[in-house]
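User: Can you walk me through this one? I'd like the strands, the rings and a few single residues.

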Amino acid sequence: MRSILAFFLTIITMIGLQAQSLTDAVRYSTLIPGGTARVMGAGGSFGAMGGDFGSLSINPAGLADYRSSELMFSFSMNSGETNSALGQGSLSTEHRNILNLENLGAVFHSRVNGSDLMTSNFAIGLQQFNNFSQEFGFSGKTKGTIVERFLELANGVDPDGLDPFEAGLAYETGAIFDDGSDLLYESDIDSVDLVLKKQNVSRSGQINELVMAWGGKFKNGLAIGLGIGVPFISFEEDKIYQEEDDDGSLLLFNDLTYSERLTTSGTGFNFKLGMNYTIERMIRLGLAYQSPTWFRMDDNYYTSMNYDCEVCTRSNESIGSPDGYFRYKLKTPERLTGSVGALIKTSDIKAFLNLDIQYVNYTSNAFNFSDFSGDLSEIDYEREVNGDIDDQLQSTYNFNVGGELAIDKFRIRSGVSFIGSPYYVDGSSEYDKIYALGFGVRADRAFIDFSYQYRDYSEGYIPYRILDAERQPLVKNSSNFSKFAVTVGFKI
């Protein structure tokens, strides 16, 4: 469970998605262990091991352990539940995925004769890191209203100059108005009024990476690997926020609905280097480096609003914004992974244990808004959000530990991942835990593996931001996620 202080730091960033923020940087730079069902079943811990396609994104030197060519593919199914609480209200929402392609790949093996290099293997395929699918909703009463945000954005601005995505919509629908023509706007709701607030949030998308890698093993036990990754980001979010006068206590106000839609896509590039070394055929050491990933991102967004009150002239008439578009760049952190593993072999069983320790510095996330625009306000915002990243994020370590037991053709696996919190709180570190189990069957020319992952965590969500942060509504989300995966492979 996250500490109270870490919890409140996290919620500050969970606000809105029309402007890029450190929340976006964290979303696209926090990689959840994935890969094949074998790697997932071992807790994502495979850096010193090899001979599995899922190890390529941990340490490409693992490719050198292949002794034959192989085709494989993996599918997964995700499910979970989020419990959301605001004030005295609480609401649980289930979220489920349809069948999902986890990865797809091919390995081409060749032996090298007359050289210290024994194997030379090439692999190409697609791997999924993150799945963003989630649904949650809340309903509860707190003081204040989202209209306060629209007032703060509008005050001092001529109606013709109001932004068309928030304050402009509020003005057009009548949620805010300027009776004195002094550019100090008013509304029908007072900041001390107790208002029923509701929202439904639906998210989907994933990070998939096209991986191309080479690995080779030498007679002295050294294996090296290098690879190129081309990740693809896809993210969609739909939010419908509502306020209602459910008990007739507000004199003029009836209800308000504000809807937001965001679609983000991006393509990036990184490279990977790795090495493994085997000592006395029992101890394996691994070291891997992944460069920063350089993304080019595109955001498309749209908002709409309708407002109803006792004296409104446009009651319940929905007003929509223009289609918004923004292009920018994002650099996510480099990663350094150290691994140690032990191979166990007797006459009846084979097994391995592996520990991966990964270092990630989240403060090296960096947005670039200026390459596609010379707007000074966007350059100023770039400095602001990158400053937030430096101030509120931290470097951290991720730990993956797991193993596999092989008895004849059967395999049993288990492991756990500790994902370090990217948020800085008094220099402390908080960890999300992902528990994993798996099993498989290996025949002469084919294999099948199954895995199960379970993750639960808590986070805060603020549906809108106002200047007085203490009066922002705080939604407490407690979520759990389960992933079932299967991998089928064939030696060729």
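Analyst: Below we go through strand pairing, aromatic contacts, a helix and two single residues. Keep in mind that this is a predicted model.

User: Start with strand E10. How many of its residues are buried?
Analyst: Strand E10 covers residues 293-309, and 13 of its 17 residues are buried. It is therefore largely enclosed by the rest of the structure.

User: Which way do E8 and E10 run, parallel or antiparallel?
Analyst: Antiparallel, with 16 bridges joining E10 to strand E8 (residues 253-279). As one register point, glycine 266 faces methionine 297 of E10.

User: And how many bridges link E10 and E12?
Analyst: Nine, and that pairing is antiparallel too. Strand E12 spans residues 324-332. Its lysine 329 is the bridge partner of arginine 296.

User: What about E11?
Analyst: Strand E11 is residues 319-320. E11 and E10 share two bridges, in the antiparallel sense. Isoleucine 319 in E11 sits opposite methionine 305.

User: Switching to rings. How many aromatic pairs are there?
Analyst: The count is 23 aromatic pairs. Take phenylalanine 46 and phenylalanine 352: their ring centres are 5.4 Å apart. The planes meet at 85 degrees, so this pair is edge-to-face.

User: Where do those two sit in the chain?
Analyst: In distant parts, 306 residues apart. Phenylalanine 46 is in the loop between helix H3 (37-41) and strand E1 (70-86). Phenylalanine 352 belongs to strand E14 (residues 349-361).

User: Is phenylalanine 46 buried or exposed? And phenylalanine 352, buried or exposed?
Analyst: Phenylalanine 46 is buried, at 1% relative accessible area. Phenylalanine 352 is buried as well, at 5% relative accessibility.

User: Which residues form an aromatic cluster?
Analyst: Phe326, Tyr328, Phe367, Phe369 and Tyr381 form one.

User: Which arginines lie over ring faces?
Analyst: Arginine 442 is over the face of phenylalanine 447, at 4.2 Å from the ring centre. Arginine 27 is over the face of tyrosine 28, at 5.6 Å from the ring centre.

User: Now helix H4. Which of its residues are buried?
Analyst: H4 is residues 147-154, and the buried ones are Val147, Glu148, Phe150, Leu151 and Ala154. Viewed down the helix axis, they fall within an arc of 160 degrees, so they line one face of H4.

User: What covers the buried residues of H4?
Analyst: The cover includes helix H5 (167-173), along with strands E8 and E10. That brings us back to E10, which pairs with E8 over 16 bridges.

User: What follows H4?
Analyst: Glycine 156 follows H4, and its phi is positive, near 85 degrees.

User: Aspartate 178 next. Where is it?
Analyst: It is in the loop between H5 and strand E6 (194-218). Aspartate 178 counts as buried, at 15% relative accessibility; the cut-off for buried is under 20%.

User: What does its side chain reach?
Analyst: The side chain of aspartate 178 reaches the backbone nitrogen of serine 181, at 3.2 Å. Setting aside neighbours within four places in sequence, aspartate 178 contacts Leu183, Leu184, Tyr185 and Glu186.

User: How far is aspartate 178 from proline 159?
Analyst: Their C-alpha atoms are separated by 8.9 Å, with the two positions 19 residues apart along the chain counted as sequence separation.

User: Last one, serine 79. Where is it, and is it buried or exposed?
Analyst: Serine 79 is in strand E1. It is buried, with 16% relative accessible area. Beyond neighbours within four places in sequence, serine 79 touches His95, Arg96, Asn480, Phe481 and Ser482.

Key
Residues are numbered from 1 along each chain as its sequence is written. This is a predicted model: local features need pLDDT of at least 70, side-chain atom pairs count only at pLDDT 80 or more; totals for chains, interfaces and linings use all residues. Side-chain values use heavy atoms; hydrogens and water are left out. Buried means under 20% relative accessible area, exposed over 50%, partly exposed in between (1.4 Å probe, protein chains only). Helices (H or I, at least four residues) and strands (E, at least two) are DSSP runs, numbered from the N terminus. Two strands pair if DSSP finds at least two bridges between them. Rings of Phe, Tyr and Trp (its six-membered ring) pair if their centres lie within 6.5 Å; planes under 30 degrees apart count as stacked, over 60 as edge-to-face and the rest as tilted. A charge sits over a ring if NZ of Lys or CZ of Arg is within 6 Å of the ring centre and within 35 degrees of the ring normal. Contact means heavy atoms within 4.5 Å. The arc is that of the directions from the helix axis to the C-beta atoms. A polar contact is a pair of N or O atoms within 3.5 Å; within protein, one must be able to donate a hydrogen and the other to accept it, and residues adjacent in sequence count only if both atoms are side-chain atoms.
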